[in-house]
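Trainee: I would like a close look at one helix of this protein: what its two sides face, and how the rest of the chain is arranged. Please take the residues one by one where that helps.

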Amino acid sequence: MLASKWLLFLMVVGCLLFQSQGVVGQEPRPDDEITKLADDVYLFRHKFHQSIFITTPKGVIVTDPISSDAAAWLKAKIKTLTDQPVRYVIYSHHHNDHITGGSVFADTALFVSHAAAGPKILQAADPQTPVPDVTFTDRMSIDLGGKRVELIYTGRNHSDNSLVVLLPQNRLLFAVDFIPVETVAYRALPDGYPDEWIGSLRQVEGLEFETLVPGHGKIGTKEHVRMFRGYLRDLRAAVEEQVQKGVSLEEARKNVQLPKYEQWARYADWFPENVEGMYRYLSAQPRGNQ
């Protein structure tokens, strides 16, 4: 009897040790992380947000600072990679969860955005987010230290002022929030322009690049732009059918399902909100535009 109790005790202890080793073996991912994407091109991730920066012999080009804490951490890390200062900070669009914290770089950098973002950043009057020094309407290039960065406006999508950052020499595109990789759109499409969004994605497909770096989540390719355009078109068609039938929003949320995309990230929690956002958008359109 004593032997069997002792054996049971050893089994329990062994199981606990195994479980504890499994937990210890799964190191938590750090809040801040830098990954090299190509020669002198780096991905900066802060929790669930990410941006890119480019080092050159004449200075550094940074995109979205994300937050003051993130920007301070990034500035210190950049100093370990180069002795050159940050010369440009590019805002992808005006949403504060991506562009807050630029003041960390204000001692050396010029701030760049699309023209439509400037007034909104000015109106927000956030001391941590400098108002853009330079804006553009359609296209702008930054040439620094032998590197070219092209800023391109592809129309209204997730916002009315989102730009994409194209690195021609690396065939890499940085695009925030309006081209998620195998992930449904954010919640109820806030600030979104669904029909123009689809056209915007078509324009992006016409650009010369291979690697797609989004503002959240995993890195993709140009094919993921096509895939997400297909998702928005399928979502629009399915919701439009419900609107034309005159069903309520709640009924539409229950009726519309797109099994083709069930494996995409956030489908379970955000897809019903995507339906809601598209429903409200289509319901507000004149019948002739649907």
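Mentor: The helix comes after a short overview, and other sites in the chain follow.

The coordinates are a predicted model, in which local features require pLDDT of at least 70 and side-chain atom pairs count only at pLDDT 80 or more, whereas totals for chains, interfaces and linings use all residues. Residues are numbered from 1 along each chain as its sequence is written, and side-chain values use heavy atoms, with hydrogens and water left out.

The protein chain contains 8 helices and 13 strands (DSSP runs numbered from the N terminus: H or I of at least four residues for helices, E of at least two for strands). Of its 290 residues, 48% are buried (buried is under 20% relative accessible area, exposed over 50%, and partly exposed in between, with a 1.4 Å probe and protein chains only). Among contacts with a separation of 6 or more, 60% join residues 24 or more positions apart (a contact is heavy atoms within 4.5 Å). The chain exposes about 14500 Å², and carbon and sulfur atoms supply 54% of that area (Shrake-Rupley method, 1.4 Å probe; for residues, only the protein chains shown count as cover).

The helix of interest is α4, residues 117-124, in which Ala117, Gly118 and Ile121 are buried. Viewed down the axis of α4, these buried residues fall within an arc of 100°, so they line one face of the helix (the arc is taken from the directions from the helix axis to the C-beta atoms). The repeat of an α-helix is 3.6 residues a turn, so residues three or four places apart point the same way. On the other side of α4, Pro119 and Gln123 are exposed. The cover over the buried residues of α4 includes α3 (96-99) and β6 (110-114). Alanine 125 follows α4 and has a positive phi, near 50°.

From β6 one can move on to strand β10, where leucine 163 is found. Leucine 163 is buried, at 1% relative accessibility. Beyond four places in sequence, its contacts include Ser113 and His114, as well as Ile90, Phe136, Leu151 and Phe174. Leucine 151 is 12 residues away along the chain, and the two C-alpha atoms are separated by 6.4 Å.

Leu151 and Ile90 also appear among the residues touched by isoleucine 142, together with Ile61, Tyr88, Lys147, Arg148 and Val149, when residues up to four places away in sequence are not counted. Isoleucine 142 belongs to strand β8, residues 139-144, and is buried with a relative accessible area of 2%. Its C-alpha atom is 8.8 Å from that of tyrosine 88, 54 residues apart along the chain.

Beyond β10 (163-167), proline 168 lies in the loop that leads to β11 (172-175). Proline 168 is partly exposed, with a relative accessible area of 31%, and it touches Arg148 and Glu150 outside its sequence neighbours up to four places away. Its C-alpha lies 7.3 Å from that of valine 149, at 19 residues' separation in sequence. Arginine 171 is in this loop between β10 and β11; its phi is positive, about 50°, although the residue is not a glycine. Its relative accessible area is 30%, which makes arginine 171 partly exposed. Arginine 187, in the loop between β11 and α5 (194-205), also has a positive phi, near 45°, and is partly exposed at 34% relative accessibility.

Helix α8, residues 267-283, holds tyrosine 279, which is buried with a relative accessible area of 14%. Apart from residues up to four places away, tyrosine 279 touches Val239, Val243, Val247, Ser248, Leu249 and Ala252.

Finally, the largest pocket holds about 690 Å³ of space. A pocket is an open set of points on a 1 Å grid over the protein atoms alone where a 1.4 Å probe fits, with protein on both sides within 12 Å along at least five of seven lines; lining residues have an atom within 4 Å of a point. Points are joined across faces, edges and corners, and the volume is that filled by probe spheres set on them. The lining has 27 residues, with Phe48, Asp177, His216, Gly217 and Trp270 nearest the centre. The elements giving two or more residues to this lining are β1 (32-38) and β2 (41-46).
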